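Biologist: Could you walk me through this one and justify the labels as you go? I'd like each term set against its cut-off.

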Amino acid sequence: MATACTGRGLSFLRSLTCHVRGTALSGRPPAGLHTSAALEVNKNWERRNLQLYPPQLPGEPRRAAEVHHCRRQIKYSKDKMWYLAKMIRGLSIDQAITQLEFNDKKGAKIVKEVLLEAQDMAVKNHNVEYKSNLYIAESHSGKGKYLKRIRYHGRGMFGIMDKVYCHYFVKLVEGPPPAVEPRTGLDQAQEYLLGLRSRTVRHSL
Amino acid sequence: MMSLAGLLHSLRRSLLHLEGKLLQSAGFDGHLTPALALNGPRLQVQPQQDEHLDEDQQSPEQAPSILDNIMWMAAPKKRRSIEINRTRRRAVEKLIKVKDNVVPCLECGHLKQKHVLCGFCYEKVRRETSLIRIQINAQEGGPLKAPATETVVLYEGEMPGDQDQDKRIVERARKRPTWFT
């Protein structure tokens, strides 16, 4: 009786996996199975490269090529990596690589490697003609999976030390970097006022 | 070494003693008690024995626990919100400044900072220098055997000139590099 039950359960699971295998989401466990959060890793940024658009119509403006690239579990702090990611946002790829080359931070070397890999991927796989004709559209850092260790204090006290890891994400888009208008304090103040004035008061008299 | 609690207790006692001395000099009898008997909190300073007894009993009013006596140390009043933290961490002076002093090297074409030697050219000179040093070490054969004369480096097909008569010659088995004049 028990073996029959397990046999039916296994065939049910197998039918689920067979259904899912054909799609690009086959890395995930089947819908009926529950796994712990520690084992499930989010690979959404890599999946963005697999998106396919329908062929463009003759009159449409040419859609710019995009490359998404990331590096996971870098032994660095996400807050420190954020400063580097913020520095290169909106720069052209050559400018970004130059700035990272002359930066003394540990993360600068890693980000430069990621940018060069992404540039290479863009030329080989994503139909980018000129490797310099790319700019950094998005760049940010994320928290990786931390390891926990004990930090010994005096008087028998202890603290839990986190060994920090981070991810770094970058999106390169073909074309010259878009010109950014510098926002003055006056512009920010006017925007704030506009936001306040465009509020709607609901359920009022 | 005195413990923190003992140190603070002795400090408190010395402050109370000083207060008593000041009151005596001001003209009081030594105790801040009213003339008539009143119903209220104790104002008389307790004698030494009672203090010791109270300390042993660990009464909550007098016992100087570590947590209560640190009353003049700075501590944050409220937890800093994430908005406050972000404004501090992302302030313009804390962001990394974009460098504008990067130029291409005229010799090799790699990028360099204006006030710094080109890294590529420095590395190529460093490599050749280390090979020359290996040659010198092979010639000398041991430490502290450097001659008291100048050294001149000669490459393939070169003869020592008029000025190189008294110098020690180090030979390198390759063509003279273009940058080595």
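Modeller: Let's start with accessibility: buried means under 20% relative accessible area, exposed means over 50%, and partly exposed is in between (1.4 Å probe, protein chains only). Before we use that, note that this is a predicted model, where local features need pLDDT of at least 70, side-chain atom pairs count only at pLDDT 80 or more, and totals for chains, interfaces and linings use all residues. Residues are numbered from 1 along each chain as its sequence is written, chains are lettered from A and ligands numbered from 1 in the order written, and side-chain values use heavy atoms, leaving out hydrogens and water.

Biologist: Why is Y155(B) called buried?

Modeller: Y155(B) has a relative accessible area of 3%, and the limit is under 20%, so the label is buried.

Biologist: And what makes F180(B) partly exposed?

Modeller: F180(B) comes out at 26%, which falls between 20% and 50%, so partly exposed is the right word.

Biologist: How many aromatic pairs are there over all chains?

Modeller: Four. Rings of Phe, Tyr and Trp (its six-membered ring) pair if their centres lie within 6.5 Å; planes under 30 degrees apart are stacked, over 60 edge-to-face, and the rest tilted.

Biologist: Why is the pair Y155(B) and F180(B) called edge-to-face?

Modeller: The centres are 5.8 Å apart, within 6.5 Å, and the planes sit at 75 degrees, over 60, so edge-to-face it is. Y155(B) is in the loop between β3 (151–154) and β4 of chain B, while F180(B) is in the segment after β4, 25 residues apart. Strands here are DSSP runs (E, at least two residues), helices likewise (H or I, at least four), numbered from the N terminus. Ring pairs also link Y155(B), W179(B) and F180(B) into a cluster.

Biologist: What is R172(B) in contact with, leaving aside neighbours within four places in sequence?

Modeller: Contact means heavy atoms within 4.5 Å, and the partners of R172(B) include E128(B), L131(B), V153(B) and Y155(B). R172(B) is in the segment after β4 (168–171) of chain B. Its 13% is under 20%, so R172(B) is buried.

Biologist: How many disulfides does a search of the whole structure find?

Modeller: Zero over all chains. For C166(A), the nearest cysteine sulfur, that of C70(A), is 11 Å away. A disulfide is a pair of cysteine sulfur atoms within 2.5 Å.

Biologist: Why is there no bond between C121(B) and C118(B)?

Modeller: Their sulfurs are 3.6 Å apart and the limit is 2.5 Å, so they are too far for a bond.
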